[in-house]
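This report goes through selected backbone and packing features of the structure shown below, moving from loops to strands and then to helices.

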Amino acid sequence: MKRNGLWSIALSPEKRWSDFEFDMVVKKDLVEGFAYAFKGHDVYVVSEYGLSRADKTLVLEDVEDRYYTNCFDAEVRKRLLAYAQGEQSDGDSIDQYTPVETLYNLGMEAYEAGDYEKAILYDTLAAEKGYPPSMNNLAHTYYNLEGFVDADKAFYWYELGAAAGNHHAMNGLGCCYRHGIGTEPDADQAMYWMGKAAEHGHALAHNNLGAIYYDGELVPQDLDKALWHYEQGEVLGSPVFDWLGYLHDSKGNYEKALHYYQQDYEAGSDISAYNLGIFYSNGYGTAKNIDAAITYFHAALERDYPHAHIELARIYRNEAQYADELLAKKHIEEAEKAGLDIPEELTQS
């Protein structure tokens, strides 16, 4: 829009990004925005995310590109060249005119460095300009990060990010509806938004849906659907080995369950160490191997899973070749110390 010789930049008459302050606006290629806006010695890029200070390296590439000799007249090229070759100034600091991609990257760097306040600052600047990845980052911070948790802000940014098409934000919004974070719990909305994210290949959304179908709180329990979603999560690169193992186990697919328990055990799991002990002590999906069972039960104990004491007591009392009443009693005592209920079969000496 132009008035009294000066330009205002607007997405629509209702959403203006500037006052009437630019002395010239020229169309550019769709790469890195669709127009240049000039104000004195400064040059800005107009894009779907509003106004950003033009990157001098990219401006120089535009000026020197043969294609642009047909797009820019001599005056425009002169002003772009002067800007591109000018020295950095205070105008190049981080502010609302910093490109959203730069703000996003700075936010990620700050988050990884543990400077969460800076990360929030950078992501807020980008999110307020409509950048969906930064909306999701803000929501994630407000949803999860101790000391910064804010349910209302988490829901607000997840909702905006989801509406803008960010798949991570869709999944996050579904989690908000599932757990009542910043909103009332809503099973239909939770399933809708997680489903949308899953349709776009979001692995965590599939895993979340698997958990929902297993626990049977939002929808009737359906182990087949739960397993399907966990399998999709695995295909997409985010396997949840313990649940894949458990669901195959519950369906009697012992060889597959053994495979996933092994994967989970190698990742450091305590309960999968215990489950492997159960499989080898009973011969589920593999040949019975008491030596291997004992090894896995001890691994479970080393990982602070005391239920393995009960299984070791069973072995030392019931397996003829491994019979050792002193060891059996020792493990029963340790199980009692851990507050576990001792099966009746083991209370009879």
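A residue counts as exposed when its relative accessible area is over 50% and as buried when that area is under 20%. Asparagine 4, with a relative accessible area of 75%, is therefore exposed. The model is a predicted one, and the values discussed here are to be read in that light.

**Backbone with positive phi**

Asparagine 4 sits in the loop that links strand E1 (2–3) and strand E2 (6–7), and its phi is near 50 degrees, a positive value in a residue other than glycine. Most residues other than glycine have a negative phi. Another case is aspartate 304, whose phi is near 65 degrees and which is found in the loop between helix H14 (290–302) and helix H15 (308–318). Aspartate 304 has a relative accessible area of 64%, so this residue too falls on the exposed side of the 50% cut-off. Positive values also occur at glycine, as at glycine 40 in the turn between E6 and E7, with a phi of about 65 degrees, and at glycine 252, just after helix H11, with a phi of about 80 degrees.

**Strands E5 to E8**

How many bridges join E5 and E6, E6 and E7, and E7 and E8? The table lists each pairing with one pair of residues that stand opposite each other.

| Strands | Sense | Bridges | Opposite residues |
|---|---|---|---|
| E5 (residues 24–27) and E6 | antiparallel | four bridges | Methionine 24 and phenylalanine 38 |
| E6 and E7 (residues 42–47) | antiparallel | five bridges | Phenylalanine 38 and valine 43 |
| E7 and E8 (residues 50–53) | antiparallel | four bridges | Valine 45 and serine 52 |

Strand E6 (residues 35–39) thus pairs with E5 and with E7, and phenylalanine 38 stands opposite methionine 24 as well as valine 43. Four of the five residues of E6 are buried, so this strand is largely enclosed by the rest of the structure. E6 and E7 form a hairpin with two residues between them, and a hairpin through two residues likewise joins E7 to E8.

**Helix contacts**

The axes of helix H1 (residues 56–64) and helix H2 (residues 74–85) come within 8 Å and cross at roughly 145 degrees, and the crossing of H1 and H2 is left-handed. On the H1 side the contact is made by Lys56, Val59, Leu60 and Val63, and on the H2 side by Arg77, Leu80, Leu81, Tyr83 and Ala84. By class, this contact of H1 with H2 holds seven nonpolar, no polar and two charged residues.

For helix H6 (residues 151–163) and helix H7 (residues 167–179), the axes come within 8 Å and the crossing angle is roughly 135 degrees, which makes H6 oblique to H7. The crossing of H6 and H7 is left-handed. Phe155, Tyr158, Glu159, Gly161 and Ala162 of H6 make the contact together with His168, Ala169, Met170, Gly172, Leu173, Cys176 and Tyr177 of H7. By class, the contact of H6 with H7 has eight nonpolar, three polar and one charged residues.

Which residues of helix H11 (residues 241–250) are buried? They are Leu244, Gly245, Leu247 and His248, and the buried residues of H11 pack against helix H9 (203–215), helix H10 (223–235) and helix H12 (254–266). In an α-helix, which has 3.6 residues a turn, residues three or four places apart point the same way.

Key:
Residues numbered from 1 in each chain as written. Predicted model: local features only at pLDDT ≥ 70, side-chain atom pairs only at ≥ 80, totals over all residues. Heavy atoms only, no water. Axes fitted to C-alpha atoms, helices over the stretch in contact; angles between N-to-C directions. Parallel < 35°, antiparallel > 145°, perpendicular 65-115°, else oblique. Left-handed = near helix turned anticlockwise from the far one by under 90°. Contact = heavy atoms within 4.5 Å. Nonpolar A, V, L, I, M, F, W, Y, C, P; charged D, E, K, R; others polar. Buried < 20%, exposed > 50% of the residue type's maximum accessible area, 1.4 Å probe, protein only. Pairing = 2+ DSSP bridges.
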